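Please examine the sequence and the model shown here. The questions that follow concern aromatic rings, the nonpolar core and one charged residue.

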Amino acid sequence: MPHPTIPGFTHRRVSVDEGVELHAAVGGTGSPVVLLHGFPQTHLMWRHVAADLAADHTVICPDLRGYGASDKPDEAGPDTYSKRTMARDVVTLARRLGHERFALAGHDRGALVAFRAGLDHPAAVSHLACLDVLPTLDMWEALHGTSAAVGFHLYLMAQPPGLPERMIEASADAFFGHFLDVWAKDPGAVPADVRAAYLAACRDAVPSIVADYRASAGVDVEHDRADRAAGNRLGMPVAVLQQDWGAALGYEAAALWGAWAADLRHTTVDCGHFMAEEAPGDVAAALRDLVKR
């Protein structure tokens with residue numbers, strides 16, 4: 001089965017850190033927009049949105065550190081896969097492609113990286129969009145009781161190195177495929193060739209994916225907590241698109257995001273978790289509206 005690509009996009013490998021290169025699909029012309037994928041996906045999740053935005057933007061779709069065709073350094077410590085490190089990767093990638101300032105959108109894990117980039121690199125991020133996620137600190141605080149079972153993978157991958165990697169590697173396709181199945185409202189939004197590409201990419205990246213999640217149960221929480229204590233907020237226009245997770249888990253998403261962003265537009269979208277694939281027109285329209293603010 002041929003590997004799917006984003007039509008009209010070229011592929012680059014760019015050095016962003018010592019011994020770390022990111023793979024990125026790049027297309028279009030105009031003001032730059034960087035799109036960061038979620039779990040258990042690669043840059044391919046943006047294929048529809050990226051093709052739409054490329055009509056009047058330079059669109060950069062990297063595989064995050066540890067995912068897809070990007071490098072997967074060994075977890076040397078908590079900082080290797082902290083969102084702070086991964087955000088620095090993204091800012092360096094954009095700069096080395098010629099963009100000192102850019103709009104940034106992320107989904108799921110990529111949204112956590114984008115959030116951290118917005119806090120750490122406000123001069124580089126002109127506009128910020130986060131899809132179907134809460135900031136890391138708020139996410140952990142929202143999970144409680146039996147309703148937290150929906151996030152069982154967060155707790156599994158938070159464990160010390162060894163056990164979670166062995167358990168997931170023993171049945172990688174079933175593990176990652178589970179999320180593709182249960183998080184999608186429209187199963188047809190992820191066709192067979194794309195699903196196969198996602199599963200192959202995840203199968204080859206279990207240690208780094210677990211390290212990414214492990215960081216979110218440790219150092220990422222510390223970074224968010226320090227910013228909250230210091231009163232640091234996102235200064236750029238922010239768009240948040242989410243399912244109505246709050247109704248199920250007992251929180252008010254717009255209020256939680258409002259504590260971090262002064263200029264916020266929060267929208268609930270009627271689709272599954274994979275909204276860039278299930279409702280690409282809505283997502284592209286929201287990003288176009290964002291960059292006009």
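**Aromatic rings and their surroundings**

Ring pairs link F39, F152, F175, F176, F179, W183, Y213 and F274 into a cluster; rings of Phe, Tyr and Trp (its six-membered ring) pair if their centres lie within 6.5 Å. This is a predicted model, in which local features need pLDDT of at least 70, side-chain atom pairs count only at pLDDT 80 or more, and totals for chains, interfaces and linings use all residues. Residues are numbered from 1 along each chain as its sequence is written, and side-chain values use heavy atoms, without hydrogens and water.

Q: Which kind of pair do the rings of F175 and F176 form?
A: Planes under 30 degrees apart count as stacked, over 60 as edge-to-face and the rest as tilted. The centres of the F175 and F176 rings are 5.1 Å apart and the planes meet at 80°, so the pair is edge-to-face.

Q: How far from the ring centre of Y213 is the charged end of R109?
A: A charge sits over a ring if NZ of Lys or CZ of Arg is within 6 Å of the ring centre and within 35 degrees of the ring normal. The charged end of R109 sits over the Y213 ring, and its distance from the centre is 3.7 Å.

Q: Which side chain of opposite charge is nearest to E278?
A: E278 is found in helix α13, residues 275-278 (a DSSP run of H or I, at least four residues). E278 is buried (under 20% relative accessible area, 1.4 Å probe, protein chains only). E278 has no salt bridge (a side-chain nitrogen of Lys or Arg within 4 Å of a carboxyl oxygen of Asp or Glu). At 7.2 Å, the nearest side chain of opposite charge is K185.

Notes. Helix = DSSP H or I, 4+ residues; strand = E, 2+ residues; numbered from the N terminus. Buried < 20%, exposed > 50% of the residue type's maximum accessible area, 1.4 Å probe, protein only. Lys, Arg positive; Asp, Glu negative; His and termini not counted.
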